[in-house]
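Biologist: Hi! I'm new to this one, could you walk me through it?
Modeller: Happy to, let's put it on screen.

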Amino acid sequence: MTTAVSFQHVSRHFGSVRAVDDVYLDIAEGEFFALLGPSGSGKTTCLRLIAGFEQPTSGHIEIFGATAEGVPPYRRNVNTVFQDYALFPHMTVLENVAYGLMVKGVDKAKREAEAEKALALVALPGYGGRRPSQLSGGQRQRVALARALVNQPKVLLLDEPLGALDLKLREQMQVELKTLQRNLGITFVFVTHDQGEALSMADRVAIFNEGRIAQVGTPEDVYERPETRFVADFVGSSNVLPPRISSAAGGPERWISLRPEKIAILREGEAPSGRFSAAVKVKAVHYQGAGTRLNTETAEGAVLNVMAPSALGRFREGDVLTLHWAPDAVHVMERET
């Protein structure tokens with residue numbers, strides 16, 4: 001399989017700050033790859049290193065086998081879609097989309113034809129004569145995408161492009177982006193701090209923490225089999241239990257990850273029947289429609305978050321419950337940190 005982007009022990013320092021610290025990463029051609037992490041974790045700096053907006057302090061970057069260090073952005077076969085879209089307000093939609101081709105010296109008739117094709121690709125045919133101010137947020141996002149795609153990049157970089165959209169539109173655009181990527185076969189590198197976006201869209205995900213990659217894997221890998229406490233805590237919601245608490249519940253004397261939705265509530269008169277179990281007191285109740293999130297605490301002081309189906313009935317603070325879970329619900333982490 002061809003490698004689209006390769007980071008080989010890449011670091012980027014800003015004075016004493018190690019924004020990116022010895023990152024090694026390969027992204028395959030045609031892959032939808034997500035860089036996921038909290039603010040300041042290094043994911044956006046990595047995107048800027050691919051784009052050419054930053055240069056590595058040390059290490060080596062290749063884009064389709066060609067050395068990237070020292071190559072200016074306009075000479076790289078990549079394009080970037082920004083969170084704020086960066087559209088020119090004084091230009092029409094068609095002029096915005098065709099702008100990159102105009103800079104390259106493409107004649108007007110050809111660049112306008114290519115811009116029309118790009119607008120059709122993002123479901124905006126006939127919108128070329130409008131101004132950005134006449135469009136909705138989702139439409140402006142599509143125009144920014146068309147402007148990037150019209151240059152036929154081999155790698156498309158997306159810097160939290162859905163962050164300014166409301167929830168329903170964001171979910172709609174997640175589906176559309178993934179469908180578009182599959183149809184085009186272009187390598188997409190997507191930066192986000194939203195775990196749901198990364199898990200639902202990406203073929204693989206790199207989890208960043210303090211300038212380093214904590215784990216790389218499929219969405220299922222990083223969710224079901226986190227390698228560290230940080231990954232378990234950051235990706236979705238997990239109960240990260242220390243060895244003594246795990247052991248007290250009948251589990252291994254190791255750090256474990258236990259997802260809230262994998263914990264069941266023992267009904268009165270039921271026995272755990274060989275499963276791990278813990279007696280808890282309900283500390284807080286958060287009704288969420290189809291489910292209710294319970295914050296509970298064991299006698300040892302360990303906090304266990306539980307996602308209970310709302311069909312089980314209503315819960316109140318102070319309720320005493322017995323929780324249980326199957327052995328395969330427990331994931332033993334390879335590393336503590």
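The chat below goes from the whole chain to a sheet, a helix and a few single residues.

Biologist: What should I know before I start looking?
Modeller: This is a predicted model, where local features need pLDDT of at least 70 and side-chain atom pairs count only at pLDDT 80 or more, while totals for chains, interfaces and linings use all residues. Residues are numbered from 1 along each chain as its sequence is written, and side-chain values use heavy atoms, with hydrogens and water left out.

Biologist: How many helices and strands are there in the chain?
Modeller: The chain has 9 helices and 18 strands. Both are DSSP runs numbered from the N terminus: helices are H or I with at least four residues, strands are E with at least two.

Biologist: And what does the C-alpha trace span along its principal axes?
Modeller: About 80 × 45 × 35 Å. Of the 337 residues in the chain, 48% are buried. Buried means under 20% relative accessible area, exposed means over 50%, and partly exposed is in between, using a 1.4 Å probe and protein chains only.

Biologist: Let's do a sheet. Which strands form the open one, and in what order?
Modeller: Its 5 strands run in the order S13-S17-S14-S15-S16, with antiparallel pairing. The edge strands are S13 (264-265) and S16 (303-309), each pairing on one side only. Two strands pair if DSSP finds at least two bridges between them.

Biologist: How many bridges join S14 to S17?
Modeller: There are 6, between S14 (residues 276-287) and S17 (residues 320-325). One example is Lys281, whose bridge partner in S17 is Val320.

Biologist: What about the other side, S14 with S15?
Modeller: S14 pairs with S15 (residues 291-298) over 7 bridges, again antiparallel. His286 stands opposite Arg293 in S15. These two strands make a hairpin with 3 residues between them, and Gly289 in the turn has a positive phi of about 85°.

Biologist: And how does S15 connect to S16?
Modeller: Through 7 bridges, with the strands antiparallel. There, Glu297 stands opposite Val303 in S16.

Biologist: New topic: why is helix H4 called largely enclosed?
Modeller: Because 11 of its 13 residues are buried, H4 is largely enclosed by the rest of the structure. Among the buried ones are Gln141, Arg142 and Arg147.

Biologist: What covers those buried residues of H4?
Modeller: The cover includes strand S6 (78-81), helix H2 (93-103), helix H3 (108-121), strand S7 (155-159) and helix H5 (167-184).

Biologist: Is Gln174 in H5 buried or exposed?
Modeller: Gln174, which is found in helix H5, counts as buried because its relative accessibility is 12%. Leaving aside neighbours within four places in sequence, Gln174 is in contact with Leu162, Glu197, Ser200 and Met201. Contact means heavy atoms within 4.5 Å.

Biologist: Last one: which residue in the loop between S9 and S10 should I click on?
Modeller: Try Glu210, which sits in the loop between strand S9 (204-209) and strand S10 (212-217). Its phi is positive, about 55°, although Glu210 is not a glycine. Most residues other than glycine have a negative phi. Glu210 is exposed, with a relative accessible area of 64%.

Biologist: And what is phi of Asp22?
Modeller: Near 60°, a positive value in a residue other than glycine. Asp22 lies in strand S2 (residues 17-28) and is partly exposed, at 36% relative accessible area.
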